Protein chains: 2
Amino acid sequence: MADLEDGSTSPAPRKRADARRNEKALLDAAAAAFVTSGVDVPVRDIAAKAGVGVGTIYRHFPTRADLIVAVYQHQVEACVQAGPALLASSSTPYAALAAWIDLFVDFLVTKHGLAKAMQSGDSAYQSLHGSFIDRLVPVCGQLLEAAGAAGEIRPGIGGFELMFAVGNLCSGADYGDARYDARRMVDLLVAGLRAG
Amino acid sequence: MADLEDGSTSPAPRKRADARRNEKALLDAAAAAFVTSGVDVPVRDIAAKAGVGVGTIYRHFPTRADLIVAVYQHQVEACVQAGPALLASSSTPYAALAAWIDLFVDFLVTKHGLAKAMQSGDSAYQSLHGSFIDRLVPVCGQLLEAAGAAGEIRPGIGGFELMFAVGNLCSGADYGDARYDARRMVDLLVAGLRAG
DNA sequence: CAACATACGGAACGATGTTCCGCTTATCAA
DNA sequence: TTGATAAGCGGAACATCGTTCCGTATGTTG
């Protein structure tokens with residue numbers, strides 16, 4: 001919420017230049033490391049890649065979740081905004097819901113281990129829920145509600161559990177077992193949503 | 001396959017008495033520890049509870065998966081045998097499939113962390129696949145095939161991916177979030193299986 | 001009972017997360 | 001420009017956990 005650099009009401013104490021530089025370096029290094037080694041990449045590796053000490057990571061991003069949130073912030077935001085857009089442009093609310101879930105699956109399957117982290121329930125990933133889940137759930141809920149109002153789906157399914165389920169289905173998709181296609185299983189789930 | 005104590009063809013060298021005693025103690029301790037702390041309980045804790053050294057665990061159960069397999073062997077076997085039984089006693093193959101999946105969910109949700117381990121893909125859990133997955137997949141496949149032959153479900157879904165998906169849906173059920181009911185999501189998935 | 005192989009215990013090692021503190025350096029007022 | 005101050009930094013140090021290894025203890029057998 002706060003922490004934006006507008007010096008409106010708060011004292012807005014600008015951070016030191018090297019601190020900002022390191023934060024940026026950390027973000028870049030983490031983004032690269034996440035791609036190559038997944039979001040569970042050892043802290044030391046990220047620190048080394050960024051050319052800083054491990055202490056510096058913990059100062060800027062107290063938990064791993066904080067770092068993940070910072071790295072993927074923009075993509076989550078894009079997903080959030082795609083919700084209403086799809087609802088407006090699709091032929092039916094159910095179609096919009098299906099398309100949006102597809103977008104979410106796109107996001108998840110390209111970030112190795114992210115889905116797992118999101119469902120882990122580990123208290124260390126609290127801020128992940130705060131910034132990702134809690135942000136996306138309302139969007140999903142809105143799509144769900146619209147489809148429900150149109151009589152296209154069975155009632156009683158909430159945004160949280162649908163997102164959670166989709167996340168779970170994508171959790172095991174990282175291990176390259178050709179017999180498992182996360183997207184197809186998500187399709188099955190979404191098909192099951194239909195009233196009939 | 002082998003390792004049964006019939007001295008038929010193999011030399012059948014009986015194990016030392018203390019070795020058998022320790023194996024039993026380990027199994028009991030692990031079963032108890034799995035219930036209270038999940039299947040990820042530290043090796044040292046199990047060793048301590050069984051009153052043995054850590055080396056003894058690794059001698060009897062080289063990987064954690066071996067221990068898990070040994071502890072849950074019977075329950076998996078019961079699940080395997082329930083497949084044909086349900087197929088014979090249910091009104092339709094689809095009903096049998098749904099009931100069997102329900103049984104499988106029962107098994108998973110009561111073993112904290114087991115579902116996660118099963119989907120982890122970690123090579124350390126190789127023997128879990130060998131003894132659990134590979135055992136259950138054919139049963140699931142048989143039910144799937146029967147329902148398919150009866151025209152009750154859409155084609156193209158394999159036993160492995162259905163089981164894997166169900167396992168995934170149950171993976172995140174351990175964290176007591178009241179908003180997520182794994183069984184309901186599995187129901188949704190199974191409903192999505194219907195041809196329409 | 002003695003000799004031997006089996007099995008045991010737990011110290012030791014490596015990987016990883018996390019904390020802590022002495023040192024460095026950016027910032028700013030004089 | 002320069003000196004004081006505090007924000008920020010690096011990485012050693014500690015804790016946890018999985019895994020290995022080997023000297024020792026003990027069941028088994030002749």
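# A guided tour: two chains, two DNA strands

Select DNA strand D. There are 22 residues around this strand, and the nearest are Asn22(A), Val52(A), Gly53(A), Gly55(A) and Gly55(B). Keep in mind that the model is predicted.

Now colour the helices beside strand D. At least two residues each come from α1 and α3 of chain A, and from α1, α2 (43–50) and α3 of chain B. Which helix gives the most to this surface? Select α3(A): with four residues, α3(A) gives the most. Next, colour the surface near DNA strand D by class. You should find nine nonpolar, five polar and eight charged residues.

**Stop 2: DNA strand C**

Move to DNA strand C. This strand is surrounded by 22 residues, and the closest are Ala17(A), Asn22(B), Val52(B), Gly53(B) and Gly55(B). Two or more residues come from each of α1 (17–37), α2 (43–50) and α3 (54–60) of chain A, and from α1 (17–37) and α3 (54–60) of chain B. Select α3(B). That helix gives the most to the surface near strand C, with four residues. Colour by class again. The surface near strand C has nine nonpolar, five polar and eight charged residues.

**Stop 3: chain A as a whole**

Hide everything but chain A. How many helices and strands does chain A have? Count nine helices and zero strands. Follow the chain from the N terminus and the elements read α-α-α-α-α-α-α-α-α. Rotate the C-alpha trace. Along its principal axes, the trace of chain A spans about 60 × 50 × 30 Å.

Chain A has 196 residues, and 40% of them count as buried. Now think about which parts of the sequence meet. Take the contacts in chain A between residues at least 6 apart in sequence: 64% of these join residues at least 24 apart.

**Stop 4: helices α4 and α5 of chain A**

Select residues 64–89 of chain A, which form helix α4. Add α5(A). These helices pack at about 165 degrees, with their axes 9 Å apart. Angles over 145 degrees count as roughly antiparallel, so α4(A) and α5(A) are roughly antiparallel to each other. The crossing of α4(A) past α5(A) is right-handed.

Show the side chains at the contact. From α4(A), pick Gln75(A), Cys79(A), Ala82(A), Gly83(A), Leu86(A) and Leu87(A). From α5(A), pick Pro93(A), Ala96(A), Ala99(A), Trp100(A), Leu103(A), Phe104(A) and Phe107(A). This contact holds eleven nonpolar residues, two polar ones and no charged ones.

**Stop 5: α5 meets α9**

Keep α5 (residues 93–109) of chain A and add α9 (residues 182–193) of chain A. Their axes come within 11 Å and cross at roughly 150 degrees. That makes α5(A) roughly antiparallel to α9(A). Here α5(A) passes α9(A) in a right-handed crossing.

On α5(A), the contact uses Ala98(A), Ile101(A), Val105(A) and Val109(A). On α9(A), it uses Ala182(A), Arg183(A), Val186(A) and Val190(A). Seven residues of this contact are nonpolar, none is polar and one is charged.

**Stop 6: one residue, Leu144(A)**

Zoom in on Leu144(A), in helix α7 (residues 126–149) of chain A. Is Leu144(A) buried or exposed? Leu144(A) counts as buried because it has 23 C-beta neighbours inside 10 Å, and 20 or more are needed. Leave out its neighbours within four places in sequence. Leu144(A) is then in contact with Leu97(A), Ile157(A), Gly159(A) and Leu162(A). Now click Ala95(A). Leu144(A) and Ala95(A) are 49 residues apart in sequence, and 11 Å apart in space from C-alpha to C-alpha.

**Stop 7: where chain A touches chain B**

Bring chain B back. Here 22 residues of chain A are in contact with 22 residues of chain B. On the side of chain A, two or more residues come from each of α8 (159–171) and α9. Select α8(A), which gives the largest share of that side, seven residues. By class, the side of chain A that touches chain B has eleven nonpolar, seven polar and four charged residues.

**Last stop: two helices of chain B**

Select α4 (residues 64–89) and α7 (residues 126–149) of chain B. Their axes come within 9 Å and cross at roughly 10 degrees. α4(B) and α7(B) are therefore roughly parallel to each other. Among the contact residues are Val76(B) and Cys79(B) of α4(B), and Phe132(B) and Leu136(B) of α7(B). In all, this contact has 13 nonpolar, five polar and two charged residues.

Note on methods
Residues are numbered from 1 along each chain as its sequence is written. Chains are lettered from A and ligands numbered from 1 in the order in which they are written. This is a predicted model: local features need pLDDT of at least 70, side-chain atom pairs count only at pLDDT 80 or more; totals for chains, interfaces and linings use all residues. A residue is near a molecule or strand if its C-beta atom, placed from the backbone, lies within 6 Å of it. Ala, Val, Leu, Ile, Met, Phe, Trp, Tyr, Cys and Pro count as nonpolar, Asp, Glu, Lys and Arg as charged, and the others, Gly among them, as polar. A residue is buried if 20 or more other C-beta atoms lie within 10 Å of its own, exposed if 12 or fewer, and partly exposed in between; C-beta atoms are placed from the backbone. Two residues are in contact if their C-beta atoms, placed from the backbone, lie within 7 Å. Axes are lines fitted to C-alpha atoms, for helices over the stretch in contact, and angles run from 0 to 180 degrees between N-to-C directions. Angles under 35 degrees count as roughly parallel, over 145 as roughly antiparallel, 65 to 115 as roughly perpendicular and the rest as oblique. A crossing is left-handed if the near helix is turned anticlockwise from the far one by less than a right angle, and right-handed if clockwise.
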